[in-house]
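Work through the exercises below with the sequence and the model side by side. Try each task before reading its solution.

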Amino acid sequence: MQARRMTTRTIRAGLFGCLMLVMSCTAIYRNHGYVPPEADLEQITVGTDTRESVSNLIGRPSAQGLLNDRGWYYVQSRFRTRGPSAPQEIDRQVVAISFDEGGVVENVERFGLDRGRVVRLSRRVTESNISGRSVLSRIFSNFGRIDPKDFIR
C-alpha cells in the first residue's frame with residue numbers, strides 16, 4: 001500500500017513538472033496600438049487631403065508631433081512572452097503622416113522593425129521632407145562634409 005502511494009505521488013509530480021515545462025515554453029502574444037491598413041492609407045491623397053479628411057478616413061492617432069502639430073504617428077507593436085522571461089518586441093509598425101502649415105497632407109510613410117533596425121516600408125511625398133528635421137539634426141548631418149579648404153582663403 002505504501003509503495004502504491006509513492007508511485008501515485010511520483011506520477012503526479014512528474015505530470016505537474018511536465019505541465020509546468022509546457023506552460024513555460026508556450027509563447028503569449030500581445031498587441032499594442034493601432035496602424036491603419038494599407039487599403040485605408042491608399043485612400044489618402046498627398047497634396048489634397050487635410051487633417052479633417054484624414055481624421056474621417058482613418059481616425060486620429062494616439063500620438064502627434066511633440067514640438068509642433070505637423071505630424072500624426074500611428075504605432076503598433078507586437079510582443080512575445082515565454083515563461084518567466086521579459087517580453088520581447090517582435091514587430092513594430094509606424095505610420096507617419098506629415099502636414100504642411102495649412103494642414104494639407106505632405107507625406108505618408110510606413111516604417112517597420114527588421115532585426116532591431118527601423119526600415120522604411122513605403123513613402124509618398126510631394127517634395128523633400130527637410131521641414132520635419134530639427135536645426136541641430138541638419139547641422140550634425142553636415143558635420144562630416146566640411147572641407148578644410150573652405151576655411152583657408
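The exercises cover confidence, salt bridges, an aromatic pair and the nonpolar core.

This is a predicted model, in which local features need pLDDT of at least 70, side-chain atom pairs count only at pLDDT 80 or more, and totals for chains, interfaces and linings use all residues. Residues are numbered from 1 along each chain as its sequence is written, and side-chain values use heavy atoms, with hydrogens and water left out.

**Exercise 1. Confidence**

Task: State the mean pLDDT of the protein, then find the elements with the lowest and highest mean pLDDT.

Solution:
- Step 1. pLDDT is the predictor's confidence in each residue, from 0 to 100. The protein has a mean of 76, and 63% of its residues reach 70 or more.
- Step 2. Helices (H or I, at least four residues) and strands (E, at least two) are DSSP runs, numbered from the N terminus. Helix H4 (residues 135-141) has the lowest mean, 53. Helix H3 (residues 51-58) has the highest, 93.

**Exercise 2. Arg 110 and its partners**

Task: Place Arg 110 in an element and list polar partners of its side chain.

Solution:
- Step 1. Strand S5 holds Arg 110.
- Step 2. Check burial: buried means under 20% relative accessible area, exposed over 50%, partly exposed in between (1.4 Å probe, protein chains only). Arg 110, at 11%, is buried.
- Step 3. Look for polar contacts (N or O atoms within 3.5 Å; within protein, one must be able to donate a hydrogen and the other to accept it, and residues adjacent in sequence count only if both atoms are side-chain atoms). The Arg 110 side chain reaches the backbone oxygen of Pro 36 at 3.1 Å. Another polar contact, of 2.9 Å, joins it to the side chain of Glu 38.
- Step 4. Arg 110 and Glu 38 also form a salt bridge, that is, a side-chain nitrogen of Lys or Arg within 4 Å of a carboxyl oxygen of Asp or Glu.
- Step 5. Glu 38 lies in helix H2 (residues 38-41) and Arg 110 in S5 (residues 105-114), so the bridge ties together parts 72 residues apart in sequence. Glu 38 is partly exposed, at 36%.

**Exercise 3. A shared arginine**

Task: How many salt bridges does the whole structure hold, and which residues does the network of shared partners join?

Solution:
- Step 1. The search finds four salt bridges.
- Step 2. Arg 70 bridges to Glu 101, with the closest N and O atoms 3.1 Å apart. Arg 70 sits in the loop between S2 and S3, Glu 101 in the loop between S4 and S5, 31 residues apart. Glu 101 is exposed, at 70%.
- Step 3. Arg 70 also bridges to Glu 106 at 3.3 Å, N to O. Glu 106 is in strand S5, 36 residues from Arg 70. Glu 106 is buried, at 9%.
- Step 4. Shared partners join Arg 70, Glu 101 and Glu 106 into one network.

**Exercise 4. Aromatic pair**

Task: Which geometry does the pair of Trp 72 and Phe 99 have?

Solution:
- Step 1. The structure holds one aromatic pair. Rings of Phe, Tyr and Trp (its six-membered ring) pair if their centres lie within 6.5 Å; planes under 30 degrees apart count as stacked, over 60 as edge-to-face and the rest as tilted.
- Step 2. The ring centres of Trp 72 and Phe 99 are 5.2 Å apart and their planes are at 70°, so the pair is edge-to-face.
- Step 3. Trp 72 is in strand S3 and Phe 99 in strand S4. Both residues are buried.

**Exercise 5. Nonpolar core**

Task: Which element supplies the largest share of the largest nonpolar core?

Solution:
- Step 1. A nonpolar core is a set of buried Ala, Val, Leu, Ile, Met, Phe, Trp, Tyr and Cys residues joined through side-chain atoms within 4.5 Å. The largest has 13 residues; among those touching the most other members are Ile 44 and Tyr 74.
- Step 2. H3, S3, S4 and S5 each supply at least two residues. S4 gives the largest share, three residues.
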